[in-house]
Amino acid sequence: MAAASYDFEIEQGATLSKSFVWKSSDGVVIPLTSYTARMQIRASVSSPDILLELSTSNGLISITPNEGKITLTVGPTTTAAITWSRGKYDLELTSPAGVVTRLLYGDITISKEVTR
């Protein structure tokens with residue numbers, strides 16, 4: 001299954017909470033027992049610098065295995081500290097057998113905070 005393109009926005013100074021459910025092409029939820037996930041945001045695909053990293057190991061991504069659900073959660077202190085305005089990302093899942101699946105990719109824009 002090819003990765004899906006999905007662009008989204010992060011509101012600076014607000015909690016980011018975004019969930020995705022992984023389903024097969026016929027709409028069946030794919031269980032994610034013992035899967036891990038990671039996501040990196042960079043200024044461009046070729047940029048060596050990571051602007052923000054989310055993963056199951058750093059607690060910014062959580063997985064609800066039986067629902068096939070992946071949730072990104074970034075607190076307001078972290079989003080308030082964002083100084084960049086655009087980025088590229090992808091989200092990868094790793095199975096217990098070590099198979100890596102690129103689930104999503106796209107652009108992220110920052111909606112700058114006015115109230116501080």
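A salt bridge is a side-chain nitrogen of Lys or Arg within 4 Å of a carboxyl oxygen of Asp or Glu. The exercises below apply to a predicted model.

**Exercise 1.** Decide how Asp107 and Lys88 are paired, and which strands the pair connects.

*Solution.*
Step 1. The closest N and O atoms of Lys88 and Asp107 are 2.6 Å apart, and the two residues form a salt bridge.
Step 2. Asp107 belongs to strand S9 and Lys88 to strand S8, so this pair ties together parts that are 19 residues apart in sequence.
Step 3. Asp107 has 27% relative accessibility and counts as partly exposed. Lys88, with a relative accessible area of 35%, is partly exposed.

**Exercise 2.** State how many salt bridges the rule gives, and describe the pairs formed by Arg102 and by Arg38.

*Solution.*
Step 1. The count comes to 3 salt bridges.
Step 2. Arg102 pairs with Asp90, with 3.1 Å between the closest N and O atoms. Arg102 is in strand S9 and Asp90 in strand S8, so the bridge ties together parts 12 residues apart in sequence.
Step 3. Arg102 is partly exposed at a relative accessible area of 39%, and Asp90 is partly exposed at 23% relative accessibility.
Step 4. Arg38 and Glu92 meet through their side chains in a salt bridge of 2.8 Å, N to O. Here strand S4 holds Arg38 and strand S8 holds Glu92, so the pair ties together parts that are 54 residues apart in sequence.
Step 5. Are Arg38 and Glu92 buried or partly exposed? Arg38, at 45% relative accessibility, counts as partly exposed. Glu92 counts as buried because its relative accessibility is 16% and the cut-off for buried is under 20%.

**Exercise 3.** Identify the residues closest to the centre of the largest pocket, and the strands that supply its lining.

*Solution.*
Step 1. The largest pocket holds about 230 Å³ of space.
Step 2. Its lining has 13 residues, and the closest to the centre are Gln40, Arg42, Lys88, Tyr89 and Asp90.
Step 3. At least two lining residues come from each of strand S4 (36-42), strand S8 (86-94) and strand S9 (100-111).
Step 4. Sorted by class, the lining comprises 6 charged, 4 nonpolar and 3 polar residues.
Step 5. Two of the residues named in Step 2 also take part in salt bridges: Lys88 with Asp107, and Asp90 with Arg102.

**Exercise 4.** Describe the largest nonpolar core, then place Leu91 and Ile70 in it.

*Solution.*
Step 1. This core has 25 residues, of which Ile10, Met39, Ile70, Leu91 and Ile108 touch the most other members.
Step 2. Elements giving two or more residues to the core include strand S2 (8-11), strand S3 (16-21), strand S5 (50-55), strand S6 (61-64) and strand S7 (69-74). S9 provides the largest share, 4 residues.
Step 3. Leu91 lies in strand S8. Leu91 is buried because its relative accessible area is 1%, against a cut-off of under 20%.
Step 4. Beyond four places in sequence, Leu91 touches residues including Phe20, Ala37, Arg38, Met39, Ile61, Ile70 and Leu103. Thr101 is another of these contacts; its C-alpha is 8.6 Å from that of Leu91, at a separation of 10 residues in sequence.
Step 5. Leaving aside neighbours within four places in sequence, Ile70 contacts residues including Phe20, Trp22, Leu32, Ile61, Ile63, Leu91, Leu93 and Leu103. Phe20, Ile61 and Leu103 are thus among the residues touched by Leu91 and among those in contact with Ile70.

Conventions: Residues are numbered from 1 along each chain as its sequence is written. This is a predicted model: local features need pLDDT of at least 70, side-chain atom pairs count only at pLDDT 80 or more; totals for chains, interfaces and linings use all residues. Side-chain values use heavy atoms; hydrogens and water are left out. On a 1 Å grid over the protein atoms alone, a cavity is a set of points where a 1.4 Å probe fits but cannot get out, and a pocket is an open set with protein on both sides within 12 Å along at least five of seven lines; lining residues have an atom within 4 Å of a point. Grid points are joined across faces, edges and corners, and a volume is the space filled by probe spheres set on the points. Ala, Val, Leu, Ile, Met, Phe, Trp, Tyr, Cys and Pro count as nonpolar, Asp, Glu, Lys and Arg as charged, and the others, Gly among them, as polar. A nonpolar core is a set of buried Ala, Val, Leu, Ile, Met, Phe, Trp, Tyr and Cys residues joined through side-chain atoms within 4.5 Å. Buried means under 20% relative accessible area, exposed over 50%, partly exposed in between (1.4 Å probe, protein chains only). Contact means heavy atoms within 4.5 Å.
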